[in-house]
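Me: I am new to this structure and would like a close look at a single part. Please keep it brisk.

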Amino acid sequence: MNKFEKVSKKQYDLDAWGGKHMADYDDIKLPHRATKCSAGYDIYATIGFELPPGESIKFPTGIKVSLDDNKFLMVVPRSSLGFKYRAQLDNTVGIIDADYYNNSNNEGHIWVKITNDSKRGDMLVVNKGDAIAQGIILEYFKTDDDNADGVRNGGLGSTSK
């Protein structure tokens with residue numbers, strides 16, 4: 001089953017740096033599509049911020065995603081932020097594998113790191129609760145001779161340890 005969920009309150013509080021500027025746990029919005037033909041599920045900012053050109057910010061979203069074994073979540077910036085501010089994810093495209101969900105390291109908590117790459121000097125202003133990125137669930141295929149048997153424990157770089 002493919003489904004977005006909140007991480008536990010304990011995990012969110014652990015990741016929320018003390019939380020004074022973060023969304024309250026009860027206010028975390030689960031991703032959803034804006035229209036019946038939207039490919040992407042909007043992912044919302046749990047923090048409000050002003051981001052000068054050339055600066056980056058990383059924050060937890062409070063969400064995780066349960067996916068069928070043959071699917072992944074591709075995370076990209078909202079198109080409007082790219083057009084207006086050249087805002088981009090620092091990893092260009094986020095790939096959330098199915099086995100990231102509920103891993104023992106962080107419950108599969110999805111984070112976003114975004115950079116304002118404005119060439120015009122525009123300040124990127126995001127309010128808590130604004131759509132900041134979008135996630136698209138995609139199917140993938142394996143080679144006939146695939147024999148992967150590793151077990152994930154963590155996020156960035158965890159499969160190369």
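Which residue in S11 does Val75 stand opposite? Please go on from there to the strand around it.

Reply: Val75 stands opposite Gly135 in S11. Keep in mind that this is a predicted model.

Take the S11 side to begin with. S6 and strand S11, residues 131-139, are joined by 7 bridges. The two run antiparallel. Leu73 also has a partner there: Leu73 stands opposite Ile137 in S11.

Now take S8. Here 4 bridges make the link to S6, and these strands too run antiparallel. Val75 appears again, standing opposite Gly94 in S8.

These pairings belong to an open sheet of 4 strands. The order is S2-S11-S6-S8, and the pairing is antiparallel. Strand S2 (41-44) and strand S8 (94-97) are the edge strands, each pairing on one side only. From one strand to the next, the twist averages 30°.

How enclosed is S6? Of its 7 residues, 6 are buried, so S6 is largely enclosed by the rest of the structure.

Phe72 gives a closer view. Phe72 lies in strand S6, which covers residues 71-77. Its relative accessible area is 16%; buried means under 20%, so Phe72 counts as buried. Setting aside neighbours within four places in sequence, Phe72 is in contact with residues including Leu67, Asp97 and Tyr140. Ile136, Ile137, Leu138 and Glu139 are also among its contacts. So are Ile95 and Ile96. Phe72 and Ile95 are 23 residues apart in sequence, yet their C-alpha atoms are 6.7 Å apart in space.

Notes. Residues numbered from 1 in each chain as written. Predicted model: local features only at pLDDT ≥ 70, side-chain atom pairs only at ≥ 80, totals over all residues. Heavy atoms only, no water. Buried < 20%, exposed > 50% of the residue type's maximum accessible area, 1.4 Å probe, protein only. Contact = heavy atoms within 4.5 Å. Pairing = 2+ DSSP bridges. Axes fitted to C-alpha atoms, helices over the stretch in contact; angles between N-to-C directions.
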